[in-house]
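Dear colleague,

I am passing on the structure below, and after it you will find notes on what turned up when I went through it. Please read them with the sequence and the coordinates open beside you.

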Amino acid sequence: MKGVIFLFSMLGITPLAERLGYATEQLAIYTGPTLGGLLNATFGNATEMIIAIYALKNGMIRVVQQSLLGSILSNMLLVVGCAFFAGGIIHRNKDQVFSKATAVVNSGLLLMAVMGLMFPAVLHFTKSEIQQGASELALSRFSSCIMLVAYASYLYFQLSARNSNYSQIGSEEVPNEDATEEDEEVEISMWEAIAWLAVLTIWISVLSEYLVNAIEGASDSLNLPVAFISVILLPIVGNAAEHASAIMFAMKDKLDITIGVAIGSSTQISMFVIPFCVVVGWMMGQKMDLNFQLFETATLFITVLVVAFMLQDGIANYLKGLMLVLCYLIVAASFFVHVDPQASKH
């Protein structure tokens with residue numbers, strides 16, 4: 001029965017995600033690519049955030065940590081990889097370009113998030129805390145507050161500086177026909193688009209809750225580790241919205257929005273959603289910390305490095321996309337054979 005609920009929730013979310021992508025694209029016409037990408041990332045992450053808070057309330061701390069980590073991994077490797085691949089196949093004759101500045105700032109923030117996650121884990125595994133268990137929790141809460149300040153500063157920077165040196169690198173190359181074509185694309189008004197985004201997000205959240213409830217049952221019936229479902233399967237559904245819209249924008253050669261959606265979403269989860277969950281857990285009296293265990297932290301670190309290298313030249317093609325998707329397959333396989341050392345405790 002749980003397996004059936006799991007399957008139908010997954011099937012139900014997919015068309016809603018496609019519509020979410022469409023509504024965001026309509027909204028991006030009014031707001032410009034930077035804000036459009038940011039809005040898409042925010043609405044896409046509402047699902048993960050609701051799942052996380054719901055699981056936190058039930059004391060499922062590891063599910064929160066693993067689903068958020070998986071969301072970052074799938075956005076950076078699978079979503080960007082598929083988008084670059086699809087865009088590269090359609091635009092085979094030319095390299096697609098995107099803003100280097102955006103990519104570099106996002107890579108820097110992701111590395112900062114890795115730093116925030118690494119110290120509590122290292123502190124725990126070197127057993128060098130002043131107070132066993134209490135120090136890493138205190139450090140996690142302190143780091144979370146710092147990360148939230150950094151993310152707020154990044155938002156201010158991104159939204160205020162987008163018209164100066166931070167504007168799109170590819171914008172000079174855009175011919176006039178493209179502008180007229182964009183005007184024709186407007187099919188719904190700005191407020192209709194916002195209303196649709198809100199309604200779709202609520203629906204996706206409702207289905208996600210069913211999905212979370214069915215996870216442990218599905219784990220037993222499908223004979224899959226909970227870690228694999230949390231890190232790999234949950235985020236694929238949670239990120240369906242980003243996935244659909246990122247590929248759609250890449251195929252239309254609007255790579256700046258693709259990067260804004262996929263990498264922006266990873267940045268938002270690592271610098272906002274994870275620290276936010278720590279703070280919310282603190283208020284609820286749950287001991288949610290930034291110690292994600294060594295295996296997960298190492299996976300995230302390597303992923304951020306690989307993606308940062310891929311994005312640094314501001315050029316996308318199908319080879320890069322294929323490499324990122326293949327990297328994701330390695331990550332998925334490693335979680336398939338990974339036994340979570342804390343699973344017995346929660």
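A nonpolar patch on the surface draws at least two residues from each of two helices, α3 and α12, the latter covering residues 318–336. Please keep in mind throughout that this is a predicted model. The patch consists of F85, I89, Y318, L319, L322, M323, L326 and L329, which together have about 700 Å² of accessible area. Its main contributor is α12, which gives the most with six residues. An α-helix has 3.6 residues a turn, so residues three or four places apart point the same way. As for I89, which lies in helix α3, its relative accessibility is 33%, and because partly exposed residues fall between 20% and 50%, I89 counts as partly exposed.

The loop between α3 (61–90) and β1 (96–97) contains N93, and this residue is exposed, with a relative accessible area of 83%. Although N93 and N317 are 224 residues apart in sequence, their C-alpha atoms are 9.9 Å apart in space.

Turning to the start of the chain, helix α1 takes in residues 2–31, and its 30 residues should span 44 Å at 1.5 Å a residue, which agrees with the 42 Å that separates its end C-alpha atoms. After α1 comes G32, which has a positive phi, near 90°.

With best regards

Methods:
Residues are numbered from 1 along each chain as its sequence is written. This is a predicted model: local features need pLDDT of at least 70, side-chain atom pairs count only at pLDDT 80 or more; totals for chains, interfaces and linings use all residues. Side-chain values use heavy atoms; hydrogens and water are left out. Helices (H or I, at least four residues) and strands (E, at least two) are DSSP runs, numbered from the N terminus. Buried means under 20% relative accessible area, exposed over 50%, partly exposed in between (1.4 Å probe, protein chains only). Patches are made of residues with over 30% relative accessible area and no salt bridge: like charges are joined within 9 Å, nonpolar side chains (Val, Leu, Ile, Met, Phe, Trp, Tyr) within 5 Å. Accessible areas come from the Shrake-Rupley method with a 1.4 Å probe; for residues, only the protein chains shown count as cover. A salt bridge is a side-chain nitrogen of Lys or Arg within 4 Å of a carboxyl oxygen of Asp or Glu. The expected span of a helix is 1.5 Å times one less than its number of residues.
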